[in-house]
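Trainee: Could we go through how the two parts of this chain meet, and what each term rests on?
Mentor: Happily, let's take it term by term.

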Amino acid sequence: MTKPTHFETRAIQATEPKGDETGSVANAIYPSTTFKREADGTFKSGYIYSRKNNPNRSLLETALAEIEGGELALAFASGMAAINTVFQALKPGDHVIVPDDAYYELRRTLSELFSAWQLQHTPVDMTNHSAITAAVKPNTKLIWVESPSNPLLKVSDIQRISQLAHAHDALCVVDNTWCTPVLQRPLALGADAVMYSTTKYFGGHSDSLSGALVLNQSAPKAFKDKLKNIQNLSGAVPSAFDAWLITRGIKTLKLRVIQQVKNAQTLAQFFSEHQAIKAVHFPDLTTHPQHDLAQQQMPNGCGAMISIQVGKGRDVAMGVIAKLKLFTPATSLGGVESLVEHRKSVEDINSQTPENLIRVSVGIEHIDDLIADWGQALA
Ligand SMILES: *Cc1c(COP(=O)(O)O)cnc(C)c1O
């Protein structure tokens, strides 16, 4: 039989126990921090110490590379640890371009931590290609993409931005947390690396904090080596249990994401027809400003995150959130349970997020129940 090409099959195969002599169908967990050395000084299994590598992390990293179509993957203790590793791989004096609405804590990391390190950054509207081009400087070493963006779901052209980066000998790294490889394939579009908060859809059950980077074959070897070295030396690696949870999550990733997308599409349509709602931000709607690009870049659906704007100011939004019964008010996203968040209040005072915006992470509950809940909350 030739190697299966379908994502679902590869996801199951890639996460099966490797070299387990018990016949176990599920993966074992190896909490050991250290591994036995032979009399001749060698390590029979290749494992030495769990910060360097661990059987659960190895399996997760191999599986992530396999399902993403990358050369190698590195797993981290959080999405932020993966992000910090990418910026640490650059040098003081380098310049990076980031989305003006990038993940809030990425923006804080650059301005509060990496500014002291003389890493320069320019926030840019990533939907405006001439603005990105104009922001490129002789020392630009990396363009960071997050598409769709948080919380306004702006869509940026990954292929075009990768080409622009490469024309200037810069790297293009895509935060693909909101899409996963089920919906969007940045490496196939030319990106050098994808970054994940696997805390979200990969884990899928809001019970594991973790992150990952997956590197393209075409990414420079020196960049890959640096990332691996930082992963080991800074030590922000996932525990064996977290690696095991994310490996397990990969098995059902597509099933969950496809169902979440379906629910989100129906809910977004309901929102767009509801008179109490002033605006719906969701790339699958034909009214979205980058709808055509979104369809092309995310052919299986544009994710299960929706932002809506209700009334004026903060109070109406908070009132609606308080009335919802099936959407837990909590930050984060991508779990099987639906969540809502008043985004402005978790960001800082200078954030551009509108006061009347509610961000919705759609879960796998029955869509009729989800719509009925919004019906009563908005009434
Ligand atoms: C949650 C999130 C992160 C940060 O990941 P953590 O696992 O919370 O550290 C980064 N980017 C996006 C888009 C996210 O949603």
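What follows is a talk about the contact between two domains.

Mentor: This is a predicted model, where local features need pLDDT of at least 70, side-chain atom pairs count only at pLDDT 80 or more, and totals for chains, interfaces and linings use all residues. Residues are numbered from 1 along each chain as its sequence is written, and side-chain values use heavy atoms, with hydrogens and water left out.

Trainee: What makes 7-251 domain 1 and 255-378 domain 2?
Mentor: Those bounds come from an automatic or database domain assignment. The C-alpha centres of domain 1 and domain 2 lie 26 Å apart.

Trainee: Which residues count as being in the contact?
Mentor: Contact means heavy atoms within 4.5 Å, and 31 residues from domain 1 and 36 residues from domain 2 take part.

Trainee: What is meant by the area that domain 1 and domain 2 bury?
Mentor: Buried area is the accessible area (1.4 Å probe) that two parts lose on being put together, summed over both. Here that is about 2,700 Å², with 59% of it on carbon and sulfur atoms. On the domain 1 side, Tyr104, Leu183 and Tyr201 lose the most, together 26% of what that side buries.

Trainee: How many salt bridges are counted between domain 1 and domain 2?
Mentor: A salt bridge needs a side-chain nitrogen of Lys or Arg within 4 Å of a carboxyl oxygen of Asp or Glu, and the count between the domains is zero.
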